[in-house]
Every structure is written in C-alpha cells, then in structure tokens.
Amino acid sequence: MDFSFPKEYQLFRRMVRDFAEAEVKPLAKAIDAEHRVPHETVKKAAALGLMGVPFPQKYGGMGGGETGYCIMMEELGKVCTSTATVIGAHTGIAAMSIHLDGTEEQKQKYLVPLASGKAIGAFGLTEAQAGSDAAAITTTAVRDGDYFRINGAKVFITNGDIADIITVMAVTDPSLGAYGGITAFLVETGWPGFSIGSLENKMGIRGSSTAECVFENVRVPKENVLGQFGAGFLTFMKSLDVGRASLGAACLGGAIAVLEGCTQWARVREQFGVPIATKQSVNFMLADMYTEIEALRSLIYRTAWLIDTHQPHVMEAAACKLFGSEVASRCIDKAVQVHGVLGLSRDYWVERAWRDARIAEIFEGTNEIQRIVIAANLFRPYGLRIPT
Amino acid sequence: MKIIALVKQILDPAGISVRRDKERVFINKEEYIVGPGSKAAIEAALQLKCDGEEHTVVALCLGKPQAEDALREALAMGCDSAYLIADKALKDADTAVAVRALAAAVQKLGGADLIVAGRQSGDTGSGQVGPRLAEALGYARVSDVFALKAEDGGLQATRRWGQGYATLEAPLPAVVTVAPEAFPARFPHGARIMNAYREWEVTTWSAADLELGEEELKPVLSMRGESFPPPLETGEVLRGDPATVAGEAVMALRLQKLIGA
C-alpha cells in the first residue's frame, strides 16, 4: 500500500497552491464584502485548465480525474470557499453530469466549452418545494414536435445568473414519479424564455452567486435530453455522488487552513504571561482538529481513488460530504473560541471562514440526506428499503 | 531558432532552517524545486517562443537523478524537450566541471542559437555558469538581463547599467543570464503537468554519453567546510511620540551618513 501521491499530482498541487496564494487569496475578503463573483479569477483558472480538472483531455479537460479535482478543491478551499464554490458547482455537478451521461455530440458541443472554461455551467435541480425531496420537482417539459417546452422555476442555483449552460431536471411524465417520469435537459441560458429571478443575499459564500432561474416556455431540442429519457433523476444523483467527494475536499482545505491559522495565533497570543499554545485547553482543541483533518484526508483521497478506478463509491462519497462539512464546521467553531473576540471581527479571516463553512452542511444534499444515503446502503444488502 | 534553457534543481528553502546558535543548517524537509533563476530562464525562453513560431525550447539540466522532476516541470511550463546530465562522476562537480559537461551537452544537441540561464542559482549562487559556458562555447554573452528580444541573427538585451539600464545588441549564438525579478514564471497548465509525467520523456545522459574524460571531470575546487558570517548587530530602537521619533531617526541616519543633510 502506497499512500503517496503520484508525482504529477504533487506538481499539480504545488501549481494550484501557488495560483491560489497569488490569485485567489488576495481577492477572498473583497469578493465577500462586495458580494460579487470573481470573474477575473475564473478566467485565469480556465487558462490553466482548472475549470475542467477531472475530465479527459479529448473533451478539453485536464485529465486529472477525481483525485486531481479533489486536490484543486482542497487547495482552493484553503484560501477562498466562494471561489471553490463557483468552480465546484461548474465542474463537480454541472459539467460532471454531461461527462457521466452525455452523448458524444453533447460532450463535443457542451462539455468541451465547459471543461476549457469558455462557458460556465450550473446545475438546475432544487425548487422552492423540492430541496431534500428532489423528486418533488414541478418544473415540466412537454413534448412539442422535435422540441420540449420547459416551464417552471429553480431556486438556490449556484452560478445560475452567470451560467451559459444549465442542466435542468424536469417532469416529463407525472404518472411515473422519480424513476421514469423525470428527465434531464441541457439548456443554453441564451435561449428565449430563460430568465433570472431573484439573487440570494447570503450569510456565507458571498463571492458566489445563488440565483433563481425561471423557465417560461423554453424550447429545448430533443437532442438535448441528457441521459436516458425518463432517467433524469438517476443522472442527477450520479453527478451528486461524485460531487460530494470534491465538496468534502474543499471542506478539508478549509479545515487545514483553520488549523494552520490557529497554530500560528496560539504561538503569538500571550495570556498569563505565556503563549496560549502552552495552555492545555487550547492544545486539546488543536489536537482534535488535527485528528479529524487526518481522518478526513484519508477518506477523501481513498474515495477519489474509488471513483477514478470505477469502483462503487456512493456511501464513501456521502461520508466525504457529511464528515467533511462537519469537521470544517467544528474546526472553525473552535477557531472562533481560540481567537476570542477577534474571532468575531469583520476585519479578520476567522469570521468569514465561520460564515462560509455553514453552507457545506446544507448544499448538494443536506447532511441528513447523506445519513439517509449511507443508512439505505447499509441495509440494502438485506433487502430492507429505507424510505427517503 | 533553437533556444536552450538551463535548469537547476535546488533544495526548497522552505524546508530549511538556519540555526545560528548551532552554526548549522538543518534540512527539515528534503524537497526539491526548480530554482528561481532557472524558472526565470525558462520563462524568458518561452516568451521568445511566443513571439515567433519556429522557435523550440530545450530544457537542459545538470543534477542528480531526481532533477528529472525539475525537467518535467520545465516541460509542463512549455518546453519542447528535456535533457538531464546525471552521473555519479559529476557529484563533486565545481563550476569548471559543470561548464564542461553543459558545453558537451550543448554540442551533442547540435549547438543552439541562444542559451538562457538564471543570473545565479538559488543555492550556491556563484553566477558563473552562464558566462563561463559562453566562453567555453565561444558564444556572445550578456548578463543580468531584464528584457530580451531575438531576431534576424542577433539579440537585443536590456541589462542593468549603473543606476539605470542599457540595451545591448549581440550576435547569435549567445548566452544570456536573466534577472529573476524581470521574468516572473508562468504557472504550468494542468494538462501539461499530467502529460509531462504520463506522456513525455526526459532524456538522461551520462558523462560517458558526453564523452567526458577523467581529466575533464576533475574539479578545481574542493569543499573544506562551511561557516557562518558574523551576526548582524542589532539596531537601535527609538521610542516615543511619532514626531520626536521621526526627528531622532533622521538625525541618526544623518550621523551615519546614510542620508544627506
């Protein structure tokens, strides 16, 4: 058993780290304060292949697989959760769904521009009444000759307002339910009938946009059905399965940065005449952070390996997202305690990191949904179905 | 035009700590990187490549076997091919031996129109390899270059000159050494990083491949030991209200003749 990364991944990590330090970190505070997407960073990331890390080079990707993708998300997660979210939603779920289930023509037409960063992608699943209960969507797609007409609204769509291509899940046969009655579509946001409703004013990840996407009679050609007709729910769930591992990787990066920040602070902050690093109460918090981070790191990269070697990974990916987001939240919560009132200061990184961490327990399937996914898979071999 | 970029792999200074009290340098983490001078050399060569279509950039390195990683990074940055000179017989090579080996490699590559090196390496930092290689090959030489253009059999190089800069012209073939601060290196493209390890080759040459004889491999210099320079004296700390402290600081600097009256 060899736990070291192959050399191409070591060099790739160094490149992403240098890029993140030079181009991403300096903007992190400003894009949060100004509530804006860092388009300039996205452009620079695209020029380095970072908008299509997991995809094959023949589709404009970097050829880094899930392992490479997790490395990038970890390094971005260390310096800016917002930027990681913009690139993550684009790559990990939007483009990923085309990579997993697209036809050759669809890959040429949509994956190539997405993977090379010439186009931005978004993933249109959630609706006002269909969050955790994703199968309860009411957006419809009705056949109209060689086209479908899509009507409905998606909410909380990361990149929704900046996307060129959005993958949309819509009901094509209400009588068949989730399995058979829902189909995935590739929709270009320039098509008539697509519009942006409201933009969310969020607590965290303020450097990413979260939009309401409205579909009014949007005509979509039938060749833009993504995956099997009627199997859209499966297409989306497969993408989310893979996306969860990389989401955990971004959390890993966030947690590592928090531990580094706390270790640094504990060495320079003095109380009772000594650095607080010498206080057991602080030490124990840092030791717990370290232990959880190491456990998370092993989980993430083993899951990435499972995905890259085409082995079953649903439970592990759910565990990455569940454990990753909770480790990140626990670490940043302790970090606030270690920093005292400074941890609440708008002028210091801790407060932003605390606000940014919370979303990971919610998006791409709440942690409660992850627990259901894991439990359902625990009992499946025994023929026991856990209702979701 | 054929451009050769000289690459040196050095210990990552981030993994080193200097303990003055023990008069020792500790290597905490033995990791190797492409030296900043070499990165600038690669960058300068690649910028020339961008200017014209018929340029090829060859990365050439003298080092230990693990220096192959430095060359793979050079390939990832954009170099077209990479050659490593690695041989146990070269482990004590001083500048004279290094230059002989590099010159032999350049000859074996069929010469070059332009050779670009860093102003000095990030570890031993003698700054001699570039100029001495020019001498050995009989090429023109410009050192400490801040801007570079090569066309029609000649090159135009801007180098530091006293308080300012001077732009020189030189015939090709030539060796230039570049200032790291003037050529901040590009990030390699992710796909090139993958290909540099999975698809592309680094050719390794031994001393025998370069037909270097025993005499040519004999270093002139030998290492007798390392020592530390004397510690810097601590400066004087001025305290008080800003206006008074500023006045005192100006006076102190004048007395030391560090600023004019």
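**A predicted two-chain model: loops, sheet and interface**

A:Asn201 lies in the loop of chain A that joins strand S6 (194-199) to strand S7 (210-221). The model described here is predicted. At 61% relative accessibility, A:Asn201 counts as exposed, because the cut-off for that class is over 50%. Leaving aside residues up to four places away in sequence, A:Asn201 touches A:His35 and A:Arg206. With A:Arg206 the link is also polar: the two side chains make a polar contact at 2.8 Å. A:His99 stands 102 residues from A:Asn201 in sequence. In space, 31 Å separates the C-alpha atoms of A:Asn201 and A:His99.

A:Glu292 belongs to helix H8 (residues 280-308) of chain A. Its relative accessible area is 18%, so A:Glu292 is buried under the 20% limit. Its contacts, not counting residues up to four places away in sequence, are A:Phe323, A:Val327 and A:Arg330.

Helix H10 of chain A spans residues 349-357. Its buried residues are A:Val350, A:Glu351, A:Arg352, A:Arg355, A:Asp356 and A:Ala357. These buried residues pack against four helices of chain A: H1, H3 (65-79), H4 (81-101) and H9 (314-339).

Chain B contains an open sheet of nine strands. The strand order is S11-S10-S9-S12-S8-S1-S6-S7-S13, and the pairing is mixed. Strand S11 (164-171) and strand S13 (203-205) of chain B form the edges. Each has a single partner strand, so one side of each is left without a neighbour in the sheet. Neighbouring strands of this sheet are turned against each other by 35 degrees on average, direction ignored.

At the S13 edge, strand S7 (residues 81-85) of chain B pairs with S13(B) in the parallel sense. Three bridges make up this pairing. B:Ile85 stands opposite B:Trp205 of S13(B). Helix H2 (residues 68-77) of chain B packs on the sheet. It touches strand S1 (2-7), strand S6 (56-62) and S7 of chain B. The direction of H2(B) makes about 165 degrees with that of S7(B). Helix H3 (residues 95-108) of chain B packs on the sheet as well. Its contacts are S1, S6, S7, strand S8 (114-118) and S13 of chain B. Here the angle, taken between the directions of H3(B) and S6(B), is about 150 degrees.

Some backbone features of chain B stand apart from the general pattern. Most residues other than glycine have a negative phi, and most peptide bonds are trans. The peptide bond from B:Leu172 to B:Pro173 is cis, with omega near 0 degrees. B:Pro173 sits in the loop between S11 and strand S12 (174-178) of chain B. B:Glu23 has a positive phi, near 50 degrees. This residue is placed in the loop between strand S3 (16-19) and strand S4 (24-27) of chain B. B:Glu23 is partly exposed, with a relative accessible area of 47%. B:Asp144 also has a positive phi, near 55 degrees. B:Asp144, however, lies within a strand, S9 (residues 140-151) of chain B. At 12% relative accessibility, B:Asp144 counts as buried.

The two chains meet at an interface. In contact are 20 residues of chain A and 15 residues of chain B. The size of an interface is often given as the accessible area lost when the parts come together. Between chain A and chain B, the buried area is about 1500 Å². Carbon and sulfur atoms give 64% of that area. In chain A, A:Lys7, A:Glu8 and A:Leu11 lose the most area to chain B. Together these residues account for 35% of what that side buries.

Charged and polar pairs also link the chains. Three salt bridges are counted between chain A and chain B. One salt bridge joins the side chains of B:Asp69 and A:Lys7, at 3.0 Å from N to O. Nine residue pairs are in polar contact between the chains, both residues of each pair at pLDDT 80 or more. On the side of chain A that touches chain B, the elements that give two or more residues are helix H1 (7-34) and helix H2 (39-47) of chain A. H1(A) supplies the largest share of this side, eleven residues.

Terms used: Residues are numbered from 1 along each chain as its sequence is written. Chains are lettered from A and ligands numbered from 1 in the order in which they are written. This is a predicted model: local features need pLDDT of at least 70, side-chain atom pairs count only at pLDDT 80 or more; totals for chains, interfaces and linings use all residues. Side-chain values use heavy atoms; hydrogens and water are left out. Buried means under 20% relative accessible area, exposed over 50%, partly exposed in between (1.4 Å probe, protein chains only). Contact means heavy atoms within 4.5 Å. A polar contact is a pair of N or O atoms within 3.5 Å; within protein, one must be able to donate a hydrogen and the other to accept it, and residues adjacent in sequence count only if both atoms are side-chain atoms. Two strands pair if DSSP finds at least two bridges between them. Axes are lines fitted to C-alpha atoms, for helices over the stretch in contact, and angles run from 0 to 180 degrees between N-to-C directions. Buried area is the accessible area (1.4 Å probe) that two parts lose on being put together, summed over both. A salt bridge is a side-chain nitrogen of Lys or Arg within 4 Å of a carboxyl oxygen of Asp or Glu.
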